[in-house]
Amino acid sequence: MKTHLADSKDHAVILFDGVCNFCNQSVLFLIRHDSKGWFRFASLQSETARSLLQKEPHLLQVDSIVLIEQEKIYTESTAILRICKQMDGWWKILYPFIFIPKMIRDPLYRWFARNRYRFFGKKESCMIPTPEIRERFLND
C-alpha cells in the first residue's frame, strides 16, 4: 500500500532514520502504542521519504524524525510531541510541553539526535518490517 502526502488525512507519516537502533526500536514501540493505526512509517533513506519531502527540499538533508500530519510537516521536538498526542496511554500528557518555546525544546532534541548513534549504535542497513507490521510501512 503506497501512501502519498495527499492521503495524510487518513494517516500521519513518520519518517525515521532507518539505520539508527534507537529510531528502529522507537518505531516498534509506536506501533505497539498506536491501536488506531494512525501512523505509517518510512525510513529517511527511502525513495518514499524523498518523494514525500520533494516540496520541502531543505528537509532532504534532515537525518532525524519528520512527521507529516494533515499535509503539514513537523520536525524535531514538535514532531515528537505531536506523536505523543496521538499515542495510547499516558504519553498524551507530554503534549502540553508544546507550549515551551522551540528555542528551548529543539536544542535538547538536537543534542540527543547528535548522540543517538553513540548511545544506541547504528545498523548497516534499514530495518525490514516483519509480516505482522508490514502494512504500517510505506512501500518504495
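Here are some notes on the salt bridges, one helix, the cysteines and a hairpin in this structure.

1. Before anything else, keep in mind that this is a predicted model. Residue numbers start from 1 along the chain as its sequence is written.

2. Let's start with charge pairs. Side chains of opposite charge can pair when their charged atoms come close. The structure has eight salt bridges. One of them joins Asp34 to Arg136, with 2.3 Å between the closest N and O atoms. Asp34 sits in the loop between α1 (21-32) and β2 (39-43), while Arg136 belongs to the segment after α4 (102-120), so this pair ties together parts that lie 102 residues apart in sequence. Are the two partners, Asp34 and Arg136, buried or exposed? Both are buried.

3. A second bridge worth a look runs between Arg82 and Glu69, whose closest N and O atoms are 2.7 Å apart. Here, too, distant parts of the chain are linked: Arg82 is in helix α3 (residues 76-86) and Glu69 in strand β3 (residues 66-69), 13 residues apart. Arg82 has a relative accessible area of 18%, so it counts as buried, given that the cut-off is under 20%. Glu69 is buried as well, at 4%.

4. Now for a bridge inside a single helix. The side chains of Lys102 and Asp106 meet at 3.0 Å, N to O. Both residues are in helix α4, and because they are four residues apart, about one helical turn separates them. Their surroundings are worth checking: Lys102 is partly exposed, with a relative accessible area of 41%, whereas Asp106 is buried, at 3% relative accessibility. Salt bridges with shared partners join Lys102 and Asp106 with Glu76 and Arg110 in one network.

5. On to helix α1. Does its length add up, and what span should its twelve residues have? At 1.5 Å a residue they should span 16 Å, and the end C-alpha atoms are 17 Å apart, which agrees.

6. Which residues of α1 are buried? They are Cys23, Asn24, Val27, Leu30 and Ile31. These residues cover an arc of only 120° around the axis, so they lie on the same side of α1. As for what they touch, the buried residues of α1 pack against β1 (12-16), β2, α3 and α4.

7. A word on the cysteines. A disulfide is a covalent bond between the sulfur atoms of two cysteines. How many disulfides does the structure hold? Zero. Take Cys84: the closest cysteine sulfur to its own is that of Cys23, 14 Å away, so the two are too far apart for a bond. Cys84 counts as buried, at 7% relative accessibility. Cys20 is buried too, with a relative accessibility of 0%.

8. Last, the hairpin. Strand β3 pairs with strand β4 (residues 72-75) in the antiparallel sense, over four bridges. If you want a place to begin tracing the pairing, try Ile68, whose bridge partner in β4 is Ile73. Two residues lie between β3 and β4 in this hairpin, and Gln70, in the turn, has a positive phi of about 55°. Strand β3 also holds Glu69, the partner of Arg82 from point 3.

Definitions and conventions: This is a predicted model: local features need pLDDT of at least 70, side-chain atom pairs count only at pLDDT 80 or more; totals for chains, interfaces and linings use all residues. Side-chain values use heavy atoms; hydrogens and water are left out. A salt bridge is a side-chain nitrogen of Lys or Arg within 4 Å of a carboxyl oxygen of Asp or Glu. Buried means under 20% relative accessible area, exposed over 50%, partly exposed in between (1.4 Å probe, protein chains only). The expected span of a helix is 1.5 Å times one less than its number of residues. The arc is that of the directions from the helix axis to the C-beta atoms. Contact means heavy atoms within 4.5 Å. A disulfide is a pair of cysteine sulfur atoms within 2.5 Å. Two strands pair if DSSP finds at least two bridges between them.
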